[in-house]
Amino acid sequence: MLNGFTPWPADRAEFYRETGCWVGLTFGQMLEDRARQFADNVAVIDDVRSLTYAQLNERVDQLATGLLLLGIQKEDRVVVQLPNVAGYVEIVFALFKIGALPVFSLPSHRANEIRYFCDFAEAKAYIVMDRFGGFDYRGLAREVQQEVPSLEHVIILGDAQEFVSFDSLFSTQSIEFPEVRGSEVAFLQLSGGSTGISKLIPRTHDEYMYTIKLSVEQCQVTEETVFLVVLPVSHNYPMSSPGILGVLYAGGKIVLSSSPSPDVAFPLIEKHRVTMVPLVPSLALHWLDIKPNHTEDLSSLKVMLVGGSKFSVEAAKRVRPVFDCQLQQVFGMAEGLVNYTKLDDPDEIVIHTQGRPMSPYDEVKIVDDEDQELPIGETGHLLTRGPYTIQGYYKAPEHNEKAFTKDGFYRTGDIVRCTKDGYLIVEGRAKDQINRGGEKIAAEEVENMLLAHPAIHDAAIVGMPDYYMGEKSCAFIILRNADVTKRQLKSFLRERGLATYKIPDEILFVEQFPLTHLGKVSKKDLRHLLEHQLQH
Ligand code: J2J
């Protein structure tokens, strides 16, 4: 078993097998199986090509062969940073088939994050697009490869220059693939990160397959489903809730959009008769506002999933009148637990709650600050364990001590309330994290980077309310006796390789921070201060 992975205690693992949650199926086997069952169905479409299930499986086998020939072995980690292109699906399944582990990063990550993922996971390879969104990833690859000794290969989709070309890897040579088991780790996903930079989350084939199977049921994904991906495809949500993996599980069609803009997405919905789309609240709001200016025929759309951050009741009410489709709220996390509203739930529930845990074996507790369980209906910290919630982050024993209880419950950091019918309502957050339209920013990571600036004495980041994003980030800064502009600080962060979405949207200079009774910086008071400033 992979070093740094925390397994489930033997009795619970046994229980999840006995109850049929874990069935020993790997994602490689699943694709092979579906390629037989749905051979001529279209599996995936992007801006330039389309692949049937049979073609996808064949290309995946050829790519897997090429990866083995290159020297990628079972359990090797490979950082994958690709936009929404069919090559992403090919590479991920090729890695699954040979038991190598993709480490999923987002296209918006820059040197600071990629260096860390490659280094911490001791990645053997890094796979990126040549250019995307006006950014040349080969420059980033050069920088990272120089600094991370484990990184033997950089594989490029597109113009590879001095690196290995993705297209050159496809091989028809006959070679035996290593045996991969359902109980083994399939990939490392990223956490939103509440303390410092993202943690890596090991997910096994067994338990992730179970999330996929349940999500397919909850969202009623079938062979007829046409699933549009406008969010970054490697994020846990569009990957698994029900995500591209759920669609492939059911024999449906994935349409990958290179942009979430309605100018790109709406014509795709019309052209491919899209039936389902997962969105974050900020995008859903934007789509709701802009829809009246568009003339495309969106009548094929049956389900709009919204999750990743809290969807306001007011916005939720508008989904059916504006899009004439069903809203399905989803409250999930890359660590495991996923909640859905059901497609046949009454409007009252769909609009006001974030759904209920999807497995009968999910254990959910709502506790006070002392870990004491609260009566139903009261608001408190959400703890959870179950057949698809991890038991520990990858190689993080110290952090795991804090993030999990002694009996293996994950401390989600979310403040929730449970209705008498078992539906959860997200009321807030205990973790020091900004949820910027679904993209999570760990305050500490950005603060630490700001503190490296010679002009800065202290820095504290808080979220500020935003109509579209839900929250944006604001940095409060105490300067030393130095002169520096907001612009200079933002470019300082950019130059240090911080992902764009983590650059503070607002910077405010202050003389001092409000403190708590213990003498800690009071983020609560900073938020009040901000509210006050925004009103005046
Ligand atoms: C309020 N907060 C929410 C919601 C997530 C499906 C959907 C989302 C994610 C995801 C995911 C929320 N209302 N509906 O992985 O499979 C906040 C919570 C949660 C954190 C997890 C999936 N849906 N959140 O967003 O790992 O704070 O996963 O703990 O990125 O997002 O973030 P992440």
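**View 1. Who touches Ile98 in this predicted model.** Setting aside neighbours within four places in sequence, Ile98 makes contact with Ala64, Leu67, Leu68, Ile72, Lys74, Phe177 and Pro178. Ile98 itself sits in helix α4, which covers residues 86–98. Buried or exposed, then, is Ile98? It counts as buried, because there are 21 C-beta neighbours inside 10 Å and the cut-off for that label is 20 or more. One pair to pick out here is Ile98 with Ile72: they are 26 residues apart in sequence, yet their C-alpha atoms are 8.6 Å apart in space.

**View 2. Helix α2 packing on helix α3.** Here we have α2 (residues 27–37) against α3 (residues 53–70), with an angle of about 145 degrees between them and axes 8 Å apart. If you care about handedness, the crossing is left-handed. On the α2 side, look for Leu31, Glu32, Arg34 and Ala35; the α3 side brings Tyr53, Ala54, Leu56, Asn57 and Val60. Sorted by class, the residues of this contact come out as 6 nonpolar, 1 polar and 2 charged.

**View 3. The shell around the ligand.** The ligand has 24 residues around it, and the closest are Asn236, Gly307, Phe331, Gly332 and Ala334. Which elements give two or more residues to this shell? They are α8 (236–240), β16 (326–333), β21 (410–418) and β22 (424–429). Strand β16 supplies the largest share, with 5 residues. As for chemistry, the shell has 13 polar residues, 7 nonpolar ones and 4 charged ones.

**View 4. A cis peptide bond between Ser241 and Pro242.** Zoom in on the backbone here: Ser241 and Pro242 are joined by a cis peptide bond, with omega at about -15 degrees. Pro242 belongs to the loop between α8 and α9 (243–250). Helix α8 should ring a bell from the previous view, as one of the elements giving two or more residues to the shell around the ligand.

**View 5. Positive phi at Gln220.** Gln220 is a residue other than glycine with a positive phi, near 50 degrees. You'll find Gln220 in the loop between α7 (205–218) and β12 (226–229). It has 19 other C-beta atoms within 10 Å, so it counts as partly exposed; the buried label would need 20 or more.

**View 6. Positive phi at Lys395.** Where is Lys395? Look in the loop between β20 (380–385) and α14 (397–403). Its phi is positive and near 50 degrees, and again this is a residue other than glycine. Lys395 is partly exposed, because 19 other C-beta atoms lie within 10 Å.

**View 7. Zooming back out to the protein chain.** After the close-ups, here's the setting: the chain has 17 helices and 27 strands. Its radius of gyration is 23 Å, close to the 24 Å that the globule rule gives for 536 residues, so the chain is as compact as a globular protein of that length. The C-alpha trace spans about 70 × 55 × 55 Å along its principal axes. Of the 536 residues, 52% count as buried, and Ile98 from the opening view is one of the buried residues. Take the contacts between residues at least 6 apart in sequence, and 68% of them join residues at least 24 apart.

Definitions and conventions:
Residues are numbered from 1 along each chain as its sequence is written. This is a predicted model: local features need pLDDT of at least 70, side-chain atom pairs count only at pLDDT 80 or more; totals for chains, interfaces and linings use all residues. A residue is near a molecule or strand if its C-beta atom, placed from the backbone, lies within 6 Å of it. Helices (H or I, at least four residues) and strands (E, at least two) are DSSP runs, numbered from the N terminus. Ala, Val, Leu, Ile, Met, Phe, Trp, Tyr, Cys and Pro count as nonpolar, Asp, Glu, Lys and Arg as charged, and the others, Gly among them, as polar. Axes are lines fitted to C-alpha atoms, for helices over the stretch in contact, and angles run from 0 to 180 degrees between N-to-C directions. A crossing is left-handed if the near helix is turned anticlockwise from the far one by less than a right angle, and right-handed if clockwise. Two residues are in contact if their C-beta atoms, placed from the backbone, lie within 7 Å. The radius of gyration is taken over C-alpha atoms; the globule rule is 2.2 Å times the number of residues to the power 0.38. A residue is buried if 20 or more other C-beta atoms lie within 10 Å of its own, exposed if 12 or fewer, and partly exposed in between; C-beta atoms are placed from the backbone.
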